[in-house]
Amino acid sequence: MVKRSLEASVTGIEQAKKAFAHKGWTQDNLAFEVNLKTRQPIWRFFTGRSVDRHIFIEICSVLSLNWREIAANPPEKFSESKELGAAEFLDIDALVQFVRSQRFDKIQDQCGTLQLLDVSRPVRIDDIYIDVNILEEIASLQWLDFADLQKFTSQEFDRFGLGEVSQTQIAGIAAVQTYSKLRVLGKPGAGKTTFLQHLAIQCNRGRFAANRVAIFVTLRDFADESKEAGEFNLLNYICKEFLTCGISDPSVLETLLLEGRVLLLLDGLDEVLHQERKGVANEIRRFSEKYQKNIFVVTCRTAAKAFNLRRFTDVEIAPFSQDQIVAFAQKWFTALTKTNIQNKQEQAIDFIKKLDLPENLQFRRLATSPLFLHLVCGVFHQQNKFPNQKIAFYKQCLDLLLGKWDETKAIERDEVYEGFLLSQNLKLLSQVASATFDQGNYFFEQRIVEQYISDYICDLPNASTEPEELQLDSEGVLQAIELQHGLLAERVRGIFSFSYLTFQEYLTARKIVASYNLQALERPLERLVSHITEPRWREIFLLTAAMLRSADFLVLLMKQEVDALVAQDPYLQKFLTWASQPLPYGTLREWGSQKSKVKSQKSFAAPESAAIWAFYFALARTPHLTAYFALVCIFDQGIFLDAALDNLVMECKSNFADAHACDDALSYALAIAQDAGLHQALQQLQDLLPDPEQSRESIQTWWQTSYPAWMEQLKTAIAKHRNIEHHWHFSPQQQQVLQQYYNANQLLIDCLNSNCEITDVVRQEIEAGLLPIEELSKREWQGL
């Protein structure tokens, strides 16, 4: 007889208590995880009393324990009981429960854990799984004009095709409950297999489809066995699988299927080799039509949707939302890090906070995929921050998509093109990325990308020169790249893009560097620098600088291009000369106290100088508001004073009838002004202001008669004592040029501050050139 109950041994109880303490749970928490209404079975488990066999095994599973090691005198196999056929069960529900009981361990072992990339141990699916959402409309099956897609910005690209463009999402389990024949599509690493494993475990525990028997089939294994057997027969294949659970009577499975009591989960149609995929698909259609009362769920990559399954509803796994990313991160740091619970939670919170920072946009783009989110969590955990050097991380992601992900799952794919190596795949994709990005295209028509592929194939050895054969080869390569690697994706019918903008940017930079290393005639770095004022090229500059063996030539070209932006406008030159003049006395005095620390420096190189120069530059460019933004990062008494004076001028200009506001602003400036001359001038100006308690008519009269002269006196005092003037007037075109100049300088500084290879000589030359040459001598630290 099969033992219906189990009890823990003395040593098993000790192991279980240690695992329980590590979880940090209460017995109520554990009862909830095991889906119990009361914690009495938990108490019985920890006190060595008999517990229902299924509950005992589930408790051990939740605690990540092997139940056989915990149980006292565990049975060798549950299948040693008397074999029962379907005819011996008068009640179908009893048959279902019998089969579920026999197969419980099998399903838990088959689907209860995940082997995550670069993690040395299996992880319980409950510890990491996040409920997926489903898109009921497949974007790549929709029609949309190419002209409409060309209008998309990079931010809109990130949202397009990711379920955020007027698409309704439903929970994954709700989709299975709604459609009895469901094909779940998704990108590589979207969580298709994990979703099926979760369904199997939930069914096994009675939390979903409790009146059905879960059967999980890996379709590539079915295809391999069918090839040896010479026929595709799912019934025979599942019967053999039932034998491992002690169910040898074929009528048991047949009865379950005829009564509609099976949840059949078929994983990885795209993983079946091309020559066998048609036979597998036909067998799925035949089987699902013969036993139509059951629930069928098939997973497949989106790119393989052309293999139609008759009467199946196609849906697609939606990318992770912000809430899902947060939930996944919390589970990831709890399950996979070895610190205490509090530190795990704190690191998860820190991860989410830093992921949302603008400088981590590229990581956030990738985090919508469970596969890449796992990698992002891992790289953050190692350093408790996101790496400034992103190249190695992007390469790891590309290596995954180009083959390593399949290798980890032991998946054999069809050859993309005869003789195509990994390096050739990268070269081809880099060529496509560079050509499309250079034209400003995030989306491109199928015929265009096929032409790029055809041009590349032409240069390969033994390539056909026949146009028709080249066209067929190009179509085949595109389909293989989309299906196998997922780097290119059909967004709508006939229109493709890179699956992530981050990869298009990375591959574009890779093409630029490769061309430069080969000393190509198109002078790639000069072409890159011509885009220095275009925001969408910012990441390309940073990636290229990081990839180059030496970035000296690139940053020198960037400096030349930056200077050329304002070289032809005398008025802007005058403004920049003013912005670069020696800083006011109050600020110089603050720096002077640090003079001894930096005497070895022979030229201007104070790290604070660039920020302070940017403050005054911004103050004249965009008075009032920008100044306070700059103040957040600069804690200098002189600069606080200059911001207060700027605020004073703006208050008096905008609130000319509000004597209180003007008087308050002037009082604040007086409170921090330390220069005696400036303090005296401001005090005299305050004495000239009307009494705020006077009537509104009197104050209005003063403003009309005395205000103009008073304001000129204030401006003169500020210009005399602080060298800040407020008479700069720029045309719209000049404002645009100044903004471009400011942004380009910031990009240059960001390149200098990245981990790129720049010699000290070039770095000092660039930093020195951030101010006009004639001013360098005035910035000598020895002269402060």
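**Exercise 1. Place Ser550 in the chain and decide whether it is buried, partly exposed or exposed.**

Solution. Start with the neighbouring elements: Ser550 sits in the loop that joins helix H26 (538-547) to helix H27 (552-566). This is a predicted model, so keep that in mind as you work along. Next, take the accessibility. Buried means under 20% and exposed over 50%, with partly exposed in between. Ser550 has a relative accessibility of 35%, so it counts as partly exposed. Finally, look across the fold: Cys756 is 206 residues away from Ser550 in sequence, yet their C-alpha atoms are 7.5 Å apart in space.

**Exercise 2. Work out how much of the chain is buried, and what share of its contacts joins residues 24 or more positions apart.**

Solution. First, the elements: the chain contains 39 helices and 14 strands. Then the burial: 52% of the 784 residues count as buried. Last, the contacts: among those with a separation of 6 or more, 75% are between residues 24 or more positions apart.

**Exercise 3. Find the residues with the most contacts inside the largest nonpolar core, and follow one of them outwards.**

Solution. The largest nonpolar core holds 136 residues, and those with the most contacts inside it are Phe351, Phe372, Phe393, Phe503, Phe541 and Met558. Now pick Phe372. Leaving aside residues up to four places away in sequence, Phe372 touches Leu366, Phe393, Cys397, Leu401, Tyr500 and Phe503. Another core, of 39 residues, lies apart from this one and includes Ile138, Ile247, Tyr291 and Phe312.

**Exercise 4. Describe the largest pocket: its volume, its lining and the elements that contribute.**

Solution. Begin with the volume, which is about 1,600 Å³. There are 50 lining residues, and Ser61, Ser64, Leu65, Thr113 and Arg124 are the closest to the centre. Several elements give two or more residues to the lining, among them helix H1 (10-23), helix H4 (53-62), helix H16 (322-336) and helix H17 (341-355). The most comes from H6, with six residues. As for chemistry, the lining divides into 17 nonpolar, 17 polar and 16 charged residues.

**Exercise 5. Compare the backbone and burial of Asn73 and Ala209.**

Solution. Recall the background first: most residues other than glycine have a negative phi. Asn73 goes the other way, with a positive phi of about 55 degrees. Asn73 is in the loop between H5 and H6, and its relative accessible area of 66% makes it exposed. Ala209 also has a positive phi, near 50 degrees. The loop that holds Ala209 runs between helix H11 (192-204) and strand E8 (213-218). With a relative accessible area of 17%, Ala209 is buried.

**Exercise 6. Explain why helix H13 (residues 234-243) is described as largely enclosed, and name what surrounds it.**

Solution. Count the buried positions: seven of the 10 residues of H13 are buried, so the helix is largely enclosed by the rest of the structure. They are Leu234, Leu235, Tyr237, Ile238, Cys239, Glu241 and Phe242. These buried residues pack against H6, E8, helix H12 (219-229), helix H14 (250-258), strand E9 (262-267) and helix H15 (274-290).

**Exercise 7. Check the span of helix H22 (residues 446-458) against its expected value.**

Solution. At 1.5 Å a residue, the 13 residues of H22 should span 18 Å. The end C-alpha atoms are 18 Å apart, which agrees. To finish, list the buried positions of H22: Val449, Glu450, Tyr452, Ile453, Ser454, Tyr456 and Ile457.

Key. Residues numbered from 1 in each chain as written. Predicted model: local features only at pLDDT ≥ 70, side-chain atom pairs only at ≥ 80, totals over all residues. Heavy atoms only, no water. 1 Å grid on protein atoms, 1.4 Å probe; cavity = no way out; pocket = protein on both sides within 12 Å on 5 of 7 lines; lining within 4 Å. Points joined across faces, edges and corners; volume = space filled by probe spheres on them. Helix = DSSP H or I, 4+ residues; strand = E, 2+ residues; numbered from the N terminus. Nonpolar A, V, L, I, M, F, W, Y, C, P; charged D, E, K, R; others polar. Expected span 1.5 Å × (residues − 1). Buried < 20%, exposed > 50% of the residue type's maximum accessible area, 1.4 Å probe, protein only. Core = buried A, V, L, I, M, F, W, Y, C linked by side-chain atoms within 4.5 Å. Contact = heavy atoms within 4.5 Å.
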